[in-house]
Amino acid sequence: MLITLLLLAAFGYSVWWLLKMRLTVSPEEALERGRAILNSKRVLFIVAHPDDADWWVSGTARLFVLRGAEVGLVVASDGEKGRNLINAKNLAETRQTEQREAAKVIGISKLWFLHLPDREVAMQPGISRSLEEIIHEFEPDLIVTFDPSLPDLPYLHPDHEGIGRVVYSIWKENPGGAKLIFFHSRRPNIAVDITEVIETKVEALRKHRSQGLGRGGERNKEFHRAFGKRVGVPYAELFREIK
């Protein structure tokens, strides 16, 4: 009986170790890599819904802008199946407007909406071609999207991992092009110190009123404070670099 319990405990610990988020490099190296990626000049963020970029990566996006980079954002769906806390008559149009307002706060210069069905983004046959055309037009030196294979748990969404898979597939077929980094990853190896822009990030989140993110600023700060604690800064956003 004791041996069985020990084996079960060992198995449980192994599963926990595999599934928990952890840095794969030292905090110092993660921060150094974060400083290095901020030298990128043309950065394209590709997400599934309005508010995705603002929740997870808008601090880093703002730092790119402040350093003179051209920053673009692709939003695959209009999030029409999301929450509607303001009783908007047309939630899709409302969420587009909210994302445009948030993009202005961050300083994003180019914004594309693909208008794909919410929760069915990766199933659409034309998504790869649409993204390839945008990538060809924008010519990024860095692409940022969701981690499709090692997403941070427990929150999963078919559109998040789906858009990440599509972008990764496109990237693999174009070697020698832009660098690729993933966010919402449980194996990050890059940390960007966003302390100087955390209030700008919160301001952008407040634009997503239909999703209740006007009240989500403090919750988001706690989220990124926990990331910062991992690397010894007040607030951070974490990424996984793909090579």
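Start by selecting P154, in the loop between β4 (142-146) and α7 (158-172). Look at the bond leading into it: the peptide bond from L153 to P154 is cis, with omega near 10°. Keep in mind as you click around that this is a predicted model. Most peptide bonds are trans, and most residues other than glycine have a negative phi.

**Backbone oddities**

Next, pick D51. Where does D51 lie? You'll find D51 in the loop between β1 (42-47) and α3. Its phi is positive, about 90°, although D51 is not a glycine. Is D51 buried or exposed? With 12% relative accessibility, D51 counts as buried.

Now jump to N87, in the loop between β2 (70-77) and α5 (91-106). N87 also isn't a glycine, and its phi is a positive value near 55°. Turn on the surface here: N87 counts as exposed, at 66% relative accessibility.

**Along helix α6**

Select residues 127-138, which make up helix α6. Its 12 residues should span 16 Å at 1.5 Å a residue, and the end C-alpha atoms are 16 Å apart, which agrees. Colour I127, L131, I134, I135 and F138: these are the buried residues of α6. Why do they line one face of the helix? Look down the axis of α6 and you'll see that these buried residues fall within an arc of 100°, so they share one face. Here's the general idea: an α-helix has 3.6 residues a turn, so residues three or four places apart point the same way.

Swing around to the other side of α6, where R129, E133 and H136 are exposed. Back on the buried side, what covers those residues? The cover includes β1, β2, β3 (110-116), β4 and α7. Just past the end of α6, click E139, which takes a positive phi of about 55°.

Before leaving, show the side chains of F138 and R42. The charged end of R42 sits over the ring of F138, 4.4 Å from the ring centre.

**Into the core**

Now show the nonpolar side chains. The largest nonpolar core has 61 residues, and F45, F64, L131 and I163 touch the most other members. You've already met L131 as one of the buried residues of α6. Select I163 and display what surrounds it: leaving aside residues up to four places away in sequence, I163 touches I46, V47, A48, A76, V121, I127, L131, T145 and F146. Another core lies apart from the largest one; this other core has 11 residues, including L23, V25, A191 and L238.

**Rings**

Time for the aromatics. A pair of aromatic rings is described by the distance of the centres and the angle of the planes. How many aromatic pairs does a search of the whole structure find? The search turns up 10. Zoom in on W56 and F183: this pair is tilted, with 6.1 Å centre to centre and 40° between the planes. W56 belongs to helix α3 (residues 52-56) and F183 to strand β5 (residues 179-183), so their pairing ties together parts that are 127 residues apart in sequence. W56 is buried at a relative accessible area of 10%, and F183 is buried at 1%. Add F146 and Y155 to your selection, and you have a cluster: ring pairs link W56, F146, Y155 and F183.

**Along helix α9**

Move on to residues 217-231, helix α9. This helix has 15 residues and reaches 21 Å from its first C-alpha to its last, close to the 21 Å expected at 1.5 Å a residue. Highlight G217, N220, K221, H224, F227, G228 and V231, which are buried. These residues cover an arc of only 120° around the axis, which puts them on the same side of α9. The other side of α9 is where E218, R219 and K229 are exposed.

What covers the buried residues of α9? Among the covering elements are α2 (27-37), α3, β6 (190-193), α8 (198-206) and β7 (236-242). Right after α9, G232 takes a positive phi of about 85°.

**Last stop**

Finish by selecting E29 in helix α2. At 34% relative accessibility, E29 counts as partly exposed. Draw a distance line from its C-alpha to the C-alpha of G177: the two atoms are separated by 24 Å, while the residues are 148 apart along the chain.

Terms used. Residues numbered from 1 in each chain as written. Predicted model: local features only at pLDDT ≥ 70, side-chain atom pairs only at ≥ 80, totals over all residues. Heavy atoms only, no water. Phe/Tyr/Trp six-rings, centres within 6.5 Å; stacked < 30°, edge-to-face > 60°. Helix = DSSP H or I, 4+ residues; strand = E, 2+ residues; numbered from the N terminus. Buried < 20%, exposed > 50% of the residue type's maximum accessible area, 1.4 Å probe, protein only. Lys NZ or Arg CZ within 6 Å of the ring centre and 35° of its normal. Expected span 1.5 Å × (residues − 1). Arc of directions from axis to C-beta. Contact = heavy atoms within 4.5 Å. Core = buried A, V, L, I, M, F, W, Y, C linked by side-chain atoms within 4.5 Å.
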